[in-house]
Amino acid sequence: MDILKKSLKEAFTLAELMKAAIFEDVGKITVKEIPKPVVKSDEVLVRLKTCAICTWEQRVYQGINKVAFPFIGGHEEAGVIVEIGNDIDRKLWSVGDRVVVGLLTSCGECTNCRIGEEGSCENFSYENFVGGLNISGMGGFSEYLSVPISKLFKIKGNLPYEIACLTEPLSCVVHSIERAQIRLGENVVVVGAGIMGMFHAVLARQQGARVIVIEPNENRITKLHELGFEEVIDPKSVNSVDVVKELTDGRGADVVLNTVGISSLAEESIAMAALYGRVILYSSYHPDEPITISPNTLHRRMTKLMGSANSNTRDFETALTLLNDGIIKPEPFIAGTVKLDDIEHGIKTAIDPNKYRIIVEL
Ligand SMILES: [Zn+2]
Ligand SMILES: [Zn+2]
């Protein structure tokens, strides 16, 4: 009888299922049961606890970002190790370790990965199968992932999973802010106060800059004031470039951090930069409309025009340190949590520009 029970249990283990949210088509997401990953010898099994809904997934849902369906999204996740592969050093990793999961879509072998720029992996594809799932995508909207330890970052103390899962978006802003090389007392303009703009504003202020934010949305303006950002320009009623010039005695901004993917704002960002100004185009552009740049203006004003996209392992380490040590407190930017079964409602809520991050509890 015991033997029968044991073999039944084994058979059950092999076919063990878990819940996952699958994007089936544009505007269609279904929560269903799929096989739970079986941990490989050089990986650990992570029981995911939270995954934030990024703008990227919102765009997949809306059909703006194209993927091949069926597809599993979610790339801002945190969880706990529940099983350890045989080859993993048990002195370094234990069952019960709370972790943030990094970029599972980077190959680790191409030149960009080798130079530490995993966010720009040459073999990057959303259609990769990751985390031991037999469905393409990043896998964060599932209950379990099998993950190599090189992609894990340890959560310290009792930092809540709802905060820890914001490591990925914060890491992208760390990447951008470090490119800007802000100096004490500089005039920094942040264009847009969505969560990414807010993170830029908070980090720029932490670096000793005077921060001016351009934002038309009333709710976001209120939030900015609550957080102590007094200098907010509402572009609905004034010309942002003129006001930035006025506020800086005609000099313009030493650094412009543009977090809004509208091409005309990229032009404005360049126009408001001071002599030796650094302009960072952070957001992606949909549609990607070309802009007009005067080469002579860049030449004369010695403007440094830069892009910033994604993040690397080092940025993840920095971002999680900022959260672990309470240097950055992202609570004001969490709009709420939803259960996995209600993820579609969560995505629809997240699309509302009045809402900051919605987090899925897994
Ligand atoms: Zn993201
Ligand atoms: Zn790579």
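Helices and strands on this tour are DSSP runs, with helices of type H or I and at least four residues, strands of type E and at least two, both numbered from the N terminus. Tyr 276, for example, lies in strand E12; we will come back to that residue later.

Before you start selecting, a word on conventions. This is a predicted model, in which local features need pLDDT of at least 70 and side-chain atom pairs count only at pLDDT 80 or more, while totals for chains, interfaces and linings use all residues. Residues are numbered from 1 along each chain as its sequence is written, chains are lettered from A and ligands numbered from 1 in the order in which they are written, and side-chain values use heavy atoms, with hydrogens and water left out.

**Stop 1: the whole chain**

Show everything as a cartoon. You should find twelve helices and 15 strands. Along the principal axes, the C-alpha atoms fill a box of roughly 85 × 40 × 35 Å. The radius of gyration, taken over C-alpha atoms, is compared with a globule rule of 2.2 Å times the number of residues to the power 0.38. For 362 residues a compact globule would come out near 21 Å, and the chain's 22 Å agrees with that.

Now switch on the surface. About 16700 Å² is accessible, and 52% of it belongs to carbon and sulfur atoms; these areas come from the Shrake-Rupley method with a 1.4 Å probe, and for residues only the protein chains shown count as cover. Of the 362 residues, 51% count as buried (buried is under 20% relative accessible area, exposed over 50%, partly exposed in between, with a 1.4 Å probe and protein chains only).

**Stop 2: the first hairpin**

Select residues 17-25 and 28-35. These are strands E1 and E2, which pair in the antiparallel sense over eight bridges (two strands pair if DSSP finds at least two bridges between them). Click on Ala 21 in this pair, and you can trace its bridge partner in E2, Val 31. Two residues lie between the strands, and Gly 27 in this hairpin has a positive phi near 75 degrees.

**Stop 3: an enclosed helix**

Move on to residues 55-62, helix H2. Six of its eight residues are buried, so the helix is largely enclosed by the rest of the structure. The buried ones are Trp 56, Glu 57, Gln 58, Arg 59, Val 60 and Tyr 61. Their cover includes E1 and E2 from the previous stop, along with helix H12 (343-351). Right after H2 comes Gly 63, with a positive phi near 85 degrees.

Continue into the loop between H2 and strand E4 (77-84), where Pro 70 sits. The peptide bond from Phe 69 to Pro 70 is cis, with omega near -5 degrees.

**Stop 4: the parallel sheet**

Next, bring up the six strands of an open sheet, ordered E10-E9-E8-E11-E12-E13 with parallel pairing. Strand E10 (232-233) and strand E13 (304-307) stand at the edges with a single partner strand each, so one side of each is left without a neighbour in the sheet. Zoom in on E12 (residues 273-281) and E13, which are joined by four bridges in the parallel sense. Leu 281 has Gly 307 of E13 as its bridge partner.

Now return to Tyr 276 in E12. Most residues other than glycine have a negative phi, and most peptide bonds are trans. Tyr 276 has a positive phi, near 65 degrees, and is exposed at 53% relative accessible area.

**Stop 5: helices H8 and H9**

Select Val 241 in helix H8 (residues 240-247). Val 241 is buried, at 14% relative accessibility. Leaving out residues up to four places away in sequence, Val 241 touches Glu 268, Ala 271 and Met 272 (contact means heavy atoms within 4.5 Å). In the loop between H8 and strand E11 (253-258) you will find Asp 249, a non-glycine residue with a positive phi of about 55 degrees. Asp 249 is exposed, at 74% relative accessibility.

Ser 263 belongs to helix H9 (residues 263-271) and is buried, with a relative accessible area of 8%. Beyond its neighbours within four places in sequence, Ser 263 contacts Tyr 285, Pro 287, Asp 288, Glu 289 and Ile 291.

**Last stop: a second cis bond**

Among those contacts of Ser 263, pick Pro 287. Pro 287 lies in the loop between E12 and helix H10 (295-301), and a cis peptide bond with omega of about 5 degrees joins His 286 to Pro 287.
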